[in-house]
Amino acid sequence: MRDWVALVFCVAALTAWRVTADAKELSITTIKEEPYTMSRGSELEGYCMDLISELSRVLGFQYKVSLVKDHRYGVQDPSGTWNGMMGEIIRREADLAVAPLTLTAAREIAVDMSTPFMQTGLSFILRRDVASEDSSFSLLSPFSSDMWAGLLIAFLLTGLCMFLVGRISPAEWAEPDTEEQNFTLLHSFWYITGALTLQGAGPHPKGLSGRLVSAIWWLFSILLLACYFGNLHSNNKHNVSIKTFEDLANQDVMDYGTFEAGSTAAFFKNSQNPVYRRIYEHMARKKSYVSTTEEGIRLTQEGNFAFIGEAASLDLAVARHCQLRRSDETITMRAYSIAAPLGSPLLKNLTIGILKLSESGELTHLQQKWWSSSCEASSRANASEALRPHHLWGFFLLLGMGLGVGLLLALLELLSRARNQAKDGKKSCCSVLTSELNQRFGGKGGSAEGDDSGKSKA
């Protein structure tokens, strides 16, 4: 019998709702907040607009949406007066407030709140390069992976060039038959490694070509080390490990703030947790409040600022702006609800409509629709402040030109010696040059065979 009475009551309530809705077009107030409510020309769109449309379809009512006049969610001043959307509902200037309106005890006392249509919590966002995560490879952070690969190639080419100059230049290896070569392949790489540590490793080049290659590599190393340590110092100067609200409260390098008038600021103000109290006192002392979410995101993008807000809104900012990241910590779980005047006959059916949308998966679909990320992995990588090859292309160009000129000078030195020997021995310059190259790159055996053949002919 009780089940039948309950069924009749629900049918009567739904009928009363439809009669009321048909008799009067509902006035709905909202606030511009991406992606809940946004302007598209003369119309409004967003998550809340789609939510209103779905509720209208399920419950069958007509509505008219307008933006809140003072652009505020609603807080109570010392005299007990509410502003924002809460004030419009209390003064019955609007029938419903559909927005990311946080369900709190104070608001529940002042108005009727529906069952939540979204669950969220408090967190904060900050720029990735300002407060990067701890890494065991932080010493590699001044240069990108492409830059490190380029440096390895430059190191190998310079070592090989130093080895070739040591072989070709007569000033470095005057008598291949009797002298040991100083610049072996191993010593060439050891020598340029010493330059990277600004220590050096003897013996040093004697000829012009070897000294040019050495000087270019030393200059390249000094400029490279200056860029490396400068970027490393810049990163370490600003980087602080901030993962939780306690980390945020314990540092004084970065400012942080939230909405001046809203439930987030009220939470920190009324909290008995000493960490949250210190956060509120810092914001009150520095006056680091923001008036809109867009202002908080802009200050965060500029660096040295952390914006505290509700996780759902911050997740959208991270999805839109690749250089931002959100803290993993989420505190004081809260929910968004629809507000109606006290005693409103609309509330029961609104709650039923929201539950129906939740059970059908429509609320999940709407969240996926409006929170889709436009930030790809490649864009996140490009947001890094690490130096890339194109930043230092001038250094690599200088090194390449120096190595090329050094090799050319070594060949000219060998050619000059071959011409002098050819003139003294009345031989062909090409044959002498070929003999020199064979001795320097073919080993001493070539020279010995040449002597034996000369003796047999004699």
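**Buried cysteines, strand S9 and an enclosed cavity**

Cys161 has a relative accessibility of 4% and therefore counts as buried. Cys48 is likewise classed as buried, because its relative accessibility is 0%. The structure examined here is a predicted model. A search of the entire model returned 0 disulfides. In general terms, a disulfide is a covalent bond that joins the sulfur atoms of two cysteines.

Strand S9 spans residues 305-310 and is mostly covered, with 6 of its 6 residues buried. Two pairing partners of S9 were examined. Strand S7, comprising residues 118-127, pairs with S9 in the antiparallel sense over 4 bridges. Within this part of the model, Phe124 has Ile308 of S9 as its bridge partner. Strand S8, made up of residues 255-257, pairs with S9 in the parallel sense, and this pairing runs over 3 bridges. Here Gly257 stands opposite Phe307 of S9. As a general property, side chains in a regular strand alternate between the two faces of the sheet.

Strand S9 also contributes to the lining of an internal space. The search of the whole structure identified 1 cavity of 30 Å³ or more. The largest cavity holds about 190 Å³ of space. Its lining comprises 18 residues, of which Tyr73, Pro100, Phe259, Thr264 and Glu310 are the closest to the centre. At least two lining residues are supplied by each of strand S5 (96-102), helix H9 (263-270), strand S9 and helix H12 (311-320). Classified by residue type, the lining of the largest cavity contains 8 nonpolar, 7 polar and 3 charged residues.

Aromatic contacts were then considered. The count for the model comes to 23 aromatic pairs. One of them is formed by Phe268 and Tyr276, whose ring centres are 5.9 Å apart and whose planes meet at 90°, giving an edge-to-face arrangement. Phe268 is buried because its relative accessible area is 0%, which falls under the 20% cut-off. Tyr276, at a relative accessibility of 14%, is also under 20% and therefore counts as buried. Both members of this edge-to-face pair are thus assigned to the buried class. Elsewhere in the aromatic set, Tyr36, Tyr47, Phe117, Tyr336 and Trp371 form one aromatic cluster.

Notes. Residues numbered from 1 in each chain as written. Predicted model: local features only at pLDDT ≥ 70, side-chain atom pairs only at ≥ 80, totals over all residues. Heavy atoms only, no water. Buried < 20%, exposed > 50% of the residue type's maximum accessible area, 1.4 Å probe, protein only. Pairing = 2+ DSSP bridges. Disulfide = S-S within 2.5 Å. Phe/Tyr/Trp six-rings, centres within 6.5 Å; stacked < 30°, edge-to-face > 60°. 1 Å grid on protein atoms, 1.4 Å probe; cavity = no way out; pocket = protein on both sides within 12 Å on 5 of 7 lines; lining within 4 Å. Points joined across faces, edges and corners; volume = space filled by probe spheres on them. Nonpolar A, V, L, I, M, F, W, Y, C, P; charged D, E, K, R; others polar.
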